[in-house]
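Q: I am new to this structure and would like a close look at a single part. Please choose one helix, show me what surrounds it, and then place it in the whole chain.

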Amino acid sequence: MTLRKLNLKDILYMLEWMHDISVTKDLQTNFSEKTADDCKKFIINSWKMDNNIHLAIVNDFDEYQGTVSLKNIKNGNAEFAITIRSSAMGHGFSKFAMDEIIHKGFEELGLNTIYWCVSAKNKRAIRFYDKNNYRRISPSEIEIRGKYNKKQVQSYIWYLITKTEKKMKSPV
């Protein structure tokens, strides 16, 4: 497993998860309307974005398994996001990618906090975050940036990790 820049060869697998209702049903965006051209634009834009980092999660054969992101990077804070193909779920890709992007955020980008949210309906994701001891917070504890309306902010479950917490979680 590794993370790498998104590549145009990832389009078909990216489109696969976007059109897989088992993956997208509890996500904020309606991905079922996305096209191969939308994926191409996203990938090309990912190469030049400086306040967003989007990386491919790939297996040992360099086959795309999902995307992990740090978005809205500003003032030492960023929002985490991840999507994984259904065929990759349960194989450690999410844990690996999350650990790697959090490390990158704190150690390479100098972030202080990384936050994210999940729909209360997304039981699989909630179990994953809770099992890995990520801290739930009230949305009032952070400055939320991005495309969230007030109803969404209140209805989602929010998580946060700080640089200090990351150091405490890391093996000695």
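A: Here is a walk that starts at one helix, moves to its neighbours, and ends with the whole chain.

A word on the ground rules comes before the walk. This is a predicted model, in which local features need pLDDT of at least 70 and side-chain atom pairs count only at pLDDT 80 or more, while totals for chains, interfaces and linings use all residues. Residues are numbered from 1 along each chain as its sequence is written, and side-chain values use heavy atoms, leaving out hydrogens and water.

Let us begin with helix α3, which covers residues 36-46. Helices and strands here are DSSP runs numbered from the N terminus: H or I over at least four residues for a helix, E over at least two for a strand. In α3, the residues C39, I43 and S46 are buried, a word that stands for under 20% relative accessible area, with exposed meaning over 50% and partly exposed the range in between (1.4 Å probe, protein chains only). Viewed down the helix axis, these buried residues of α3 fall within an arc of 60°, so they line one face of the helix. That arc is taken from the directions that run from the helix axis to the C-beta atoms.

What covers this face? The cover over the buried residues of α3 includes α1 and β2 (53-58), where contact means heavy atoms within 4.5 Å.

Now look at the face residue by residue. C39 has a relative accessible area of 1% and counts as buried. Another cysteine, C117, is buried too, at 19% relative accessibility. A disulfide is a pair of cysteine sulfur atoms within 2.5 Å, and by that rule the model has zero disulfides.

S46, also in helix α3, is buried with a relative accessible area of 11%. A polar atom of the S46 side chain lies 2.6 Å from the backbone oxygen of I43. For a polar contact, the pair must be N or O atoms within 3.5 Å; within protein, one must be able to donate a hydrogen and the other to accept it, and residues adjacent in sequence count only if both atoms are side-chain atoms. Setting aside neighbours within four places in sequence, S46 is in contact with L6 and H54.

Next comes α1, part of the cover over α3. Helix α1 spans residues 11-18, and its buried residues are I11, M14, L15, W17 and M18. Seen along the axis of α1, they fall within an arc of 160°, so these residues line one face of the helix. They pack against α2 (21-24), α3, β3 (64-74) and β4 (77-84).

W17 offers a path into strand β4. T83 lies in that strand and is buried, with 14% relative accessible area. Not counting residues up to four places away in sequence, T83 touches W17, L27, I57, Q65, G66 and T67.

From here, step out into the loops. Most residues other than glycine have a negative phi. N75 goes the other way, with a positive phi of about 50° although it is not a glycine. N75 sits in the loop between β3 and β4 and is exposed at 59% relative accessibility. Its C-alpha atom is 9.6 Å from that of T113, which is 38 residues away along the chain. D62, again not a glycine, has a positive phi near 65°; its place is the loop between β2 and β3, and it is partly exposed at 30%.

Finally, the whole chain. It has seven helices and seven strands, in the order β-α-α-α-β-β-β-α-β-α-β-α-β-α from the N terminus on. The radius of gyration is 15 Å, close to the 16 Å that the globule rule gives for 172 residues, so the chain is as compact as a globular protein of that length. That radius is taken over C-alpha atoms, and the rule is 2.2 Å times the number of residues to the power 0.38. Buried residues, such as those lining α3, make up 46% of the 172 residues. Among contacts between residues at least 6 apart in sequence, 62% join residues at least 24 apart.
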